[in-house]
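Work through the exercises below with the model open beside you. Try each task before reading its solution.

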Amino acid sequence: MTSKITTLFQIDTKFNADSIEWCPEYPAYFVCGTYQLIEGTPAENELKSSKNNSRIGSMILFKFDMASKSLSKIQSISTAAITDMKWYNCNGTSLLGITSSSGELCLYLLVETEDGYNLEKIKSFDICAPNLSLSLDWNGKEPRITISDSGGGVSVVRIAENGCKIELEQKWKAHNFDAWITAYDRWNRHIVYSGGDDCLMKGWDTRTPCYKPIFVNKDHTMGVCAIQSSSLVENVFASGSYDEQVHIWDSRSMKQPLTSCDVGGGVWRLKWHPTNPDYLLAACCHSGFHVLNVDLKSGSETKVAASYTAHKSLAYGADWCRCPGNSGDCSPLHEVIATCSFYDHRLDVWELMNTI
């Protein structure tokens, strides 16, 4: 199989770009989050992160037309420095949760306007200030969010009244250093995974007070930064680390991974394909972005199916386009993907066509 990759758009995001999330319910829209460290300046108010530095950011809403291959910048919102973002369909409305340097969880609503859609902030909640909130994941079965933070903590909050009310349900010390990532199991609404700078990956059952994890895994040899559960294959989830390894796991047996892949760079984010269980998108810091072929049915090794290396800085944010016209569960792949990189503050939208 050979790959043809075409860069459709290259956008300067002004601030360092680190997060991309395509809206599942309104697939023409996606957001890019940015994170800018201003050194040597006093930190004030909600941007306070240290004695000598401030962190600021932005959330940029884009609209992509699949038929005409056109891209429009719709809105830019000034925020604290963004660390992670995730969408959730709440009673027919699209909520966007963000974590940031403010230590808060912020919720935005995608609202209809005369010209299309805009983002509107509806609620914020202090999770861990003065620590940074580092990542979040929505429970796929109910409006709950798990959040990890730079103090090693993991929290679970409940969302009510379509995002207008946030209640803290649990908070616990999960890791000795930064808890880089947390994620729900897509098939069990009570199970939360976490990964930290202590090189550990842990599982938690939120029906208990979470004093003790249900498992502790030490397979990764450096900080664990990425975890995502497959919504298409029960018991399967992926993890990634600064050790440049992507592991595929069966949650019922955590002694060793089902399969692994060396991607040549620290793994910051992992995104399963929304409709095809055999493909996983990886943002791999110094080695760019890779589409991995994970064929568990055949038992073959996980391998890199395609790579995008046009970015000139740390590969941090990536997501699959949900627009009609992508190949979906068909093979070979025909996909549009959005990616962003850090120090060159760059967002790319590119097209992947795999041919046999």
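The exercises start with the whole chain and then turn to single residues. The model is a predicted one.

**Exercise 1. Overall build**

Task: State how many helices and strands the chain has, and decide whether its radius of gyration agrees with that of a compact globule.

Solution:
- Step 1. Count the elements. There are 29 strands and zero helices.
- Step 2. Get the expected value. For 356 residues, a compact globule would have a radius of gyration near 21 Å.
- Step 3. Compare. The chain has 19 Å, which agrees with the globule value.
- Step 4. Add the extents. The C-alpha trace spans about 55 × 50 × 45 Å along its principal axes.

**Exercise 2. Inside, outside and charge**

Task: Find what share of the residues is buried, then describe the accessible surface and the charges.

Solution:
- Step 1. Take burial. Of the 356 residues, 59% are buried.
- Step 2. Take the surface. Its accessible area is about 14700 Å², and carbon and sulfur atoms hold 47% of that.
- Step 3. Take the charges. The chain carries 32 positive and 41 negative charges, and their mean positions lie 4 Å apart.
- Step 4. Look at contacts. Among those with a separation of 6 or more, 51% link residues 24 or more positions apart.

**Exercise 3. A loop asparagine**

Task: Place N139 in the chain and decide whether N139 is buried or exposed. Then find which backbone atoms its side chain reaches.

Solution:
- Step 1. Locate N139. The residue sits in the loop that runs from β11 (133–138) to β12 (144–149).
- Step 2. Check accessibility. The relative accessible area of N139 is 1%, under the 20% cut-off, so N139 is buried.
- Step 3. Follow the side chain. One partner is the backbone nitrogen of K141, at 2.9 Å. Another is the backbone oxygen of R189, 2.8 Å from a polar side-chain atom of N139.
- Step 4. List the contacts beyond four places in sequence. They are Y88, R144, Y184 and R189.

**Exercise 4. Two loop residues compared**

Task: Decide for G299 and for Y35 whether each is buried or exposed.

Solution:
- Step 1. Locate both. G299 lies in the loop between β25 (289–293) and β26 (303–308). Y35 lies in the loop between β3 (29–34) and β4 (36–39).
- Step 2. Judge G299. Its relative accessible area is 61%, over the 50% cut-off, so G299 is exposed.
- Step 3. Judge Y35. Its relative accessibility is 14%, so Y35 counts as buried.
- Step 4. See what surrounds Y35. Beyond four places in sequence, its contacts include N16, D18, L132 and F342. R55 is also one of them, and the side chains of Y35 and R55 share a polar contact of 2.6 Å.
- Step 5. Gauge distance. The C-alpha atoms of G299 and D84 are 33 Å apart, with their places 215 residues apart in sequence.

**Exercise 5. A strand serine**

Task: Name the strand that holds S194, and find which side chain joins that of S194 in a polar contact.

Solution:
- Step 1. Locate S194. The residue belongs to strand β16 (residues 188–195).
- Step 2. Check accessibility. At a relative accessible area of 0%, S194 is buried.
- Step 3. Find the partner. The side chain of H175 makes a polar contact of 2.8 Å with that of S194.
- Step 4. Widen the view. Beyond four places in sequence, S194 also touches residues including V154, L200, W204 and I227.
- Step 5. Check a C-alpha pair. S194 and A183 are 11 residues apart along the chain, and their C-alpha atoms are separated by 6.5 Å.

Technical notes: Residues are numbered from 1 along each chain as its sequence is written. This is a predicted model: local features need pLDDT of at least 70, side-chain atom pairs count only at pLDDT 80 or more; totals for chains, interfaces and linings use all residues. Side-chain values use heavy atoms; hydrogens and water are left out. Helices (H or I, at least four residues) and strands (E, at least two) are DSSP runs, numbered from the N terminus. The radius of gyration is taken over C-alpha atoms; the globule rule is 2.2 Å times the number of residues to the power 0.38. Buried means under 20% relative accessible area, exposed over 50%, partly exposed in between (1.4 Å probe, protein chains only). Contact means heavy atoms within 4.5 Å. Accessible areas come from the Shrake-Rupley method with a 1.4 Å probe; for residues, only the protein chains shown count as cover. Lys and Arg count as positive and Asp and Glu as negative; His and the chain ends are not counted. The place of a charge is taken as NZ of Lys, CZ of Arg, CG of Asp or CD of Glu. A polar contact is a pair of N or O atoms within 3.5 Å; within protein, one must be able to donate a hydrogen and the other to accept it, and residues adjacent in sequence count only if both atoms are side-chain atoms.
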